[in-house]
Every structure is written in C-alpha cells, then in structure tokens.
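Please open the model in your viewer and keep the sequence panel beside it, since this tour moves from one selection to the next. At each stop, make the selection first and then read on.

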Amino acid sequence: MHDFNDFKTVVGDLIILIEEFDQLETEKLKAVQQNRVTFVEEAMKKEQAAIMKLRGLDKKREAIQKDLGWERLTFQQILSQVPVVEREELEPLFAQLSGNVRQFDDTRDSAQKALEISLHHINTAIAKKAAEGNTAYTSDGTPSKLDQSSNHHLRNRKA
C-alpha cells in the first residue's frame, strides 16, 4: 500500500524526467540548427529511453493514486480533496511540474519547427538537383550526364 510520501516522490521524479526531456529537446534543436544529423539521431534514441521511463513512472503514479483513493483524478481535483497541510506540500510540486511541461512543450515545438525547416531545405536541394538534369557520378566522383535511352527503366517501371 502506497502513502502520501510515495505520491510526492513520484511527482518529484516526474518533474526531473520532464527536465531531462527538455534538455534532450534543447540538444536536438541545437543539433538541427547546426546540421549535425548524428547528434539528432542520438538525441532521438535517448528520447525513446526517456519515454519508456515516463511510461513506467506514469503507471507507478496511477497505482499510487489508486491506493490513495485518487484514481483518475487530475492534480487539481486531488488538491481540492486533500487536507490543507498536504495541499500546501503538493501545490508547489504541481506548479513546478506544470511549468516544466509548458517549457518542454515550447522547446519541443521549436525543435519540431527546426526539423521541418531543415527537411524543407533538403527537399528543395533534392528538387533543384533533379531539375538540373539527370546527373550521375563516375567512379572518381566527377559528374556525368546519364544516357536517357539506357535508363528508361529507371523512369518508368511499365516499360
């Protein structure tokens, strides 16, 4: 059976984890801005591990809330049901968690926009390259025009 201190501990763990998510998103944003693809990939791997940790913490929080008779209650609903002393302990935790989530959302939105812009630049470069004509490269890296007749099968699978 869980108690009130267990609930405070899990909320504190959530606060720390959301801070970690925000740091990961900040790293990802910087990596995108600097075109450092491997760092973006690494941040995304770390993010996946953090998501698994978040799922575990959320299940733990749900179990604790159930044991305390707060099953399916929001934090605001919990605050309205607890004694004043416990409310005074929880309010700052909930405020910090809420602030961290807002900060993370802002950082995540910025990183997402940066990724979209970067992807747009890549797509534009690919389209520009395609518009320049069908260019291939020789084994020594010099460009050479493709022979259109011999590569007909690359343009039309039904041919």
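## The whole chain

Begin with the surface switched on: the accessible surface of the protein comes to about 11200 Å², and 53% of that surface belongs to carbon and sulfur atoms. Please keep in mind throughout that this is a predicted model.

Now change to a cartoon view, in which you should be able to find five helices and two strands. If you follow the chain along the sequence, these elements come in the pattern α-α-α-α-β-β-α. Of the 159 residues in the protein, 26% are buried. Turning to contacts between residues at least 6 apart in sequence, 61% of them join residues at least 24 apart.

## Helix H2

Next, select helix H2, residues 37–67. How far apart are the end C-alpha atoms of H2? They are 45 Å apart, which agrees with the expected span, because 31 residues at 1.5 Å a residue should also span 45 Å.

Within H2, show the side chains of Val-40, Ala-43, Glu-47, Ala-50, Leu-57, Arg-61, Ile-64 and Gln-65, which are the buried residues of this helix. Against which helices do these buried residues pack? They pack against H1, H3 and H4, and you may find it helpful to give each of these helices its own colour. After H2 comes Gly-69, a residue whose phi is positive, near 80 degrees.

## Charged pairs

Side chains of opposite charge can pair when their charged atoms come close. A search of the whole structure finds eight salt bridges, and the next selections visit some of them.

Select Lys-46 and Glu-27, which form a salt bridge in which the closest N and O atoms are 3.9 Å apart. Lys-46 lies in helix H2 and Glu-27 in helix H1, so this pair ties together parts of the chain that are 19 residues apart in sequence. Lys-46 counts as partly exposed, at 40% relative accessibility, and Glu-27 is likewise partly exposed, at 41%.

Move on to Glu-47 and Lys-28, another salt bridge, with 3.3 Å between the closest N and O atoms. This pair also links distant parts of the chain, with Glu-47 in helix H2 and Lys-28 in helix H1, 19 residues apart. Are these two residues buried or exposed? Glu-47 has a relative accessible area of 14% and is therefore buried, and Lys-28, at 6% relative accessibility, also counts as buried.

For a pair inside one helix, select Asp-105 and Arg-108, whose salt bridge has its closest N and O atoms 3.2 Å apart. Both residues lie in helix H4, three residues apart, which is about one turn of the helix. Asp-105 is partly exposed, with a relative accessible area of 27%, and Arg-108 counts as partly exposed at 35%. Before leaving the charged residues, add Glu-25 to Lys-28 and Glu-47, because salt bridges that share partners join these three residues into one network.

## Aromatic rings

A search of the whole structure finds five aromatic pairs. Select Phe-7 and Trp-70, whose ring centres are 5.2 Å apart and whose planes meet at 75 degrees, so the pair is edge-to-face. The pair links distant parts of the chain, 63 residues apart, since Phe-7 is in helix H1 (residues 4–33) and Trp-70 is in the loop between helix H2 and helix H3 (75–81). Phe-7 is buried, with a relative accessible area of 0%, and Trp-70 counts as buried at 8%.

Then select Phe-75 and Phe-94, a stacked aromatic pair with 4.2 Å from centre to centre and 10 degrees between the planes. Phe-75 lies in helix H3 and Phe-94 in helix H4, so this pair ties together parts that are 19 residues apart in sequence. Phe-75 is partly exposed, with a relative accessible area of 22%, whereas Phe-94, at 6%, counts as buried. Show all four residues at once, for Phe-7, Trp-70, Phe-75 and Phe-94 form one aromatic cluster.

## A nonpolar patch

For the last stop, bring back the surface and select Leu-119, Ile-122 and Ile-126, which form a nonpolar patch with about 290 Å² of accessible area together. Ile-126 is found in helix H4, residues 84–131, and it counts as exposed at 53% relative accessibility.

Definitions and conventions. Residues numbered from 1 in each chain as written. Predicted model: local features only at pLDDT ≥ 70, side-chain atom pairs only at ≥ 80, totals over all residues. Heavy atoms only, no water. Patch = residues over 30% accessible without salt bridge, like charges linked within 9 Å, V, L, I, M, F, W, Y side chains within 5 Å. Areas by Shrake-Rupley, 256 points an atom, 1.4 Å probe, with all protein chains shown as cover. Salt bridge = Lys/Arg side-chain N within 4 Å of Asp/Glu carboxyl O. Helix = DSSP H or I, 4+ residues; strand = E, 2+ residues; numbered from the N terminus. Buried < 20%, exposed > 50% of the residue type's maximum accessible area, 1.4 Å probe, protein only. Phe/Tyr/Trp six-rings, centres within 6.5 Å; stacked < 30°, edge-to-face > 60°. Contact = heavy atoms within 4.5 Å. Expected span 1.5 Å × (residues − 1).
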